[in-house]
Amino acid sequence: MKRNVIETPFTFGRIASDNNFANRESEILKLVTNFISGINTVLISPRRWGKSSLVKKSAENVSKKNKDIRFVFIDLYNIRNEEEFYKIFSREVLRSSTKKTDELLANAKKFMGKLIPQLTFSTDPNSEINISFDWETVKKEPDDILDLPENISKQKNIKFIICIDEFQNISAFDDALSIQKKLRSHWQKHKLTSYCLYGSKRHMLMDVFTSPSMPFYKFGDIIFLQKIEKKHLEKFIIKRFKDTKKNISKSAADLVVDIAECHPYYVQQLAQLSWLRTKKSCNEEIVKIAHESLILQLDFLFQSISDDLSSTQLNFLKAVIIGIEQLSSKQTLDEFNLGTSANVLRIKKSLENKEIIDLFGNTITILDPMYKYWLKNYYFKI
Ligand SMILES: Nc1ncnc2c1ncn2[C@@H]1O[C@H](COP(=O)(O)OP(=O)(O)OP(=O)(O)O)[C@@H](O)[C@H]1O
Ligand SMILES: [Mg+2]
């Protein structure tokens with residue numbers, strides 16, 4: 001049935017693709033090169049800066065031209081332990097190895113035979129596959145699972161690229177370190193399979209990938225994804241308005257990007273709200289109204305985020321918003337009731353863990369530009 005809905009030109013909260021994907025040309029080139037050369041990649045950025053979209057887009061580019069390269073996408077978002085991880089890992093590798101059910105079953109038997117996996121298929125058109133095996137056996141010897149892509153590759157003359165999203169979740173598994181050791185010891189031997197591991201929580205991932213004492217030390221090329229450059233976002237907004245027979249002035253597009261501080265998700269959301277309010281031509285006035293409506297829309301969420309913070313954490317955010325640089329100086333500690341300088345360190349760590357702030361050298365950034373605006377204007381009323 002044809003839906004009688006006008007497609008809006010912006011997207012947020014979903015993977016950005018096709019017309020909804022702005023630039024990132026150099027990042028795509030880098031990922032594509034790594035994928036084709038079999039270099040392992042680690043991609044890190046704060047939430048919603050576009051990691052998943054970038055990996056998908058780069059994978060699409062590679063797949064189009066290289067039929068022998070198979071991508072496997074695994075999202076650790078809902079995976080809580082090692083057993084679940086192995087199930088999803090083996091299921092997704094098997095699924096990417098072939099489109100034919102009988103071949104998939106044959107692959108499972110051939111390459112995982114010792115583990116006696118049981119596969120069940122649902123009858124729906126997408127044919128959901130579930131895999132189960134005897135956990136006690138797998139726990140002792142997960143080799144056949146961890147080497148599955150490499151073993152299939154050797155036989156079938158294909159290469160796998162395993163993309164694991166929300167990789168920071170692995171640190172929350174029981175026995176996280178021993179799992180990491182197992183994964184690394186197998187994966188580093190693979191020649192036909194490479195890995196792209198990505199996620200947020202820079203601090204945690206840095207620990208996993210850059211501490212010499214950690215199993216994944218020097219596992220691959222580490223990329224810190226940046227936001228998208230202003231000029232590209234501006235061009236993108238102007239084009240998307242044009243595509244839908246509306247227009248936006250350069251200064252209004254500029255304002256959208258400035259308010260959203262080049263944060264890809266918010267650029268799209270604010271552009272969308274501005275577009276919805278525009279009959280024909282969008283100007284700065286419309287963008288400002290759209291911005292206020294977005295803040296109101298987020299009010300409840302921001303209120304509950306703030307309710308979860310201690311009063312010293314909030315005092316700290318206030319000092320950051322005001323622009324105080326010497327956060328541990330005696331004067332700031334007194335003025336903002338921050339306790340001791342050791343306490344300031346703890347506050348920083350915990351706000352970083354909650355992904356509210358980002359610490360880079362001595363620079364502290366409040367990651368969510370709308371939350372920052374809300375705190376300043378609606379909460380602290382500075
Ligand atoms: N290249 C892009 N062009 C335009 N918008 C983008 C681009 N990449 C991401 N976005 C916007 O940002 C949103 C978040 O993108 P994505 O889910 O890829 O980010 P992420 O870093 O994987 O987020 P999370 O950390 O929450 O998983 C998208 O829904 C889209 O609105
Ligand atoms: Mg993502």
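**Reasoning about a ligand shell, a helix pair and a domain contact**

In this predicted model, helix 2 (51-65) and helix 12 (264-276) each supply at least two residues of the shell around ligand 1.

Me: Which residues of the shell are closest to ligand 1?
Reply: The shell holds 22 residues, and the closest of them are Ala22, Gly50, Ser52, Ser53 and Pro264. Sorted by class, the shell around ligand 1 consists of nine nonpolar, eight polar and five charged residues.

Me: Why is ligand 1 said to lie between domain 1 and domain 2?
Reply: Residues of the shell come both from domain 1 (24-224) and from domain 2 (230-300), and therefore ligand 1 lies between these two domains.

Me: What makes helix 3 oblique to helix 4?
Reply: Helix 3 (residues 82-97) and helix 4 (residues 101-112) pack at an angle of about 125°, while their axes are 9 Å apart. Angles of 65 to 115 degrees count as roughly perpendicular and those over 145 as roughly antiparallel, so the angle of about 125° falls in neither range and helix 3 is oblique to helix 4.

Me: Which residues make the contact of helix 3 with helix 4?
Reply: Helix 3 contributes Ser90, Leu94, Arg95 and Ser97, and helix 4 contributes Leu104, Asn107, Ala108 and Met112; by class, four residues of this contact are nonpolar, three are polar and one is charged.

Me: How do you know that domain 2 and domain 3 are in contact?
Reply: Two residues are in contact if their C-beta atoms lie within 7 Å, and seven residues of domain 2 are in contact with four residues of domain 3. On the side of domain 2 that touches domain 3, helix 13 (residues 284-307) gives the largest share, three residues.

Notes: Residues are numbered from 1 along each chain as its sequence is written. Chains are lettered from A and ligands numbered from 1 in the order in which they are written. This is a predicted model: local features need pLDDT of at least 70, side-chain atom pairs count only at pLDDT 80 or more; totals for chains, interfaces and linings use all residues. A residue is near a molecule or strand if its C-beta atom, placed from the backbone, lies within 6 Å of it. Helices (H or I, at least four residues) and strands (E, at least two) are DSSP runs, numbered from the N terminus. Ala, Val, Leu, Ile, Met, Phe, Trp, Tyr, Cys and Pro count as nonpolar, Asp, Glu, Lys and Arg as charged, and the others, Gly among them, as polar. Domain bounds come from an automatic or database domain assignment. Axes are lines fitted to C-alpha atoms, for helices over the stretch in contact, and angles run from 0 to 180 degrees between N-to-C directions. Angles under 35 degrees count as roughly parallel, over 145 as roughly antiparallel, 65 to 115 as roughly perpendicular and the rest as oblique.
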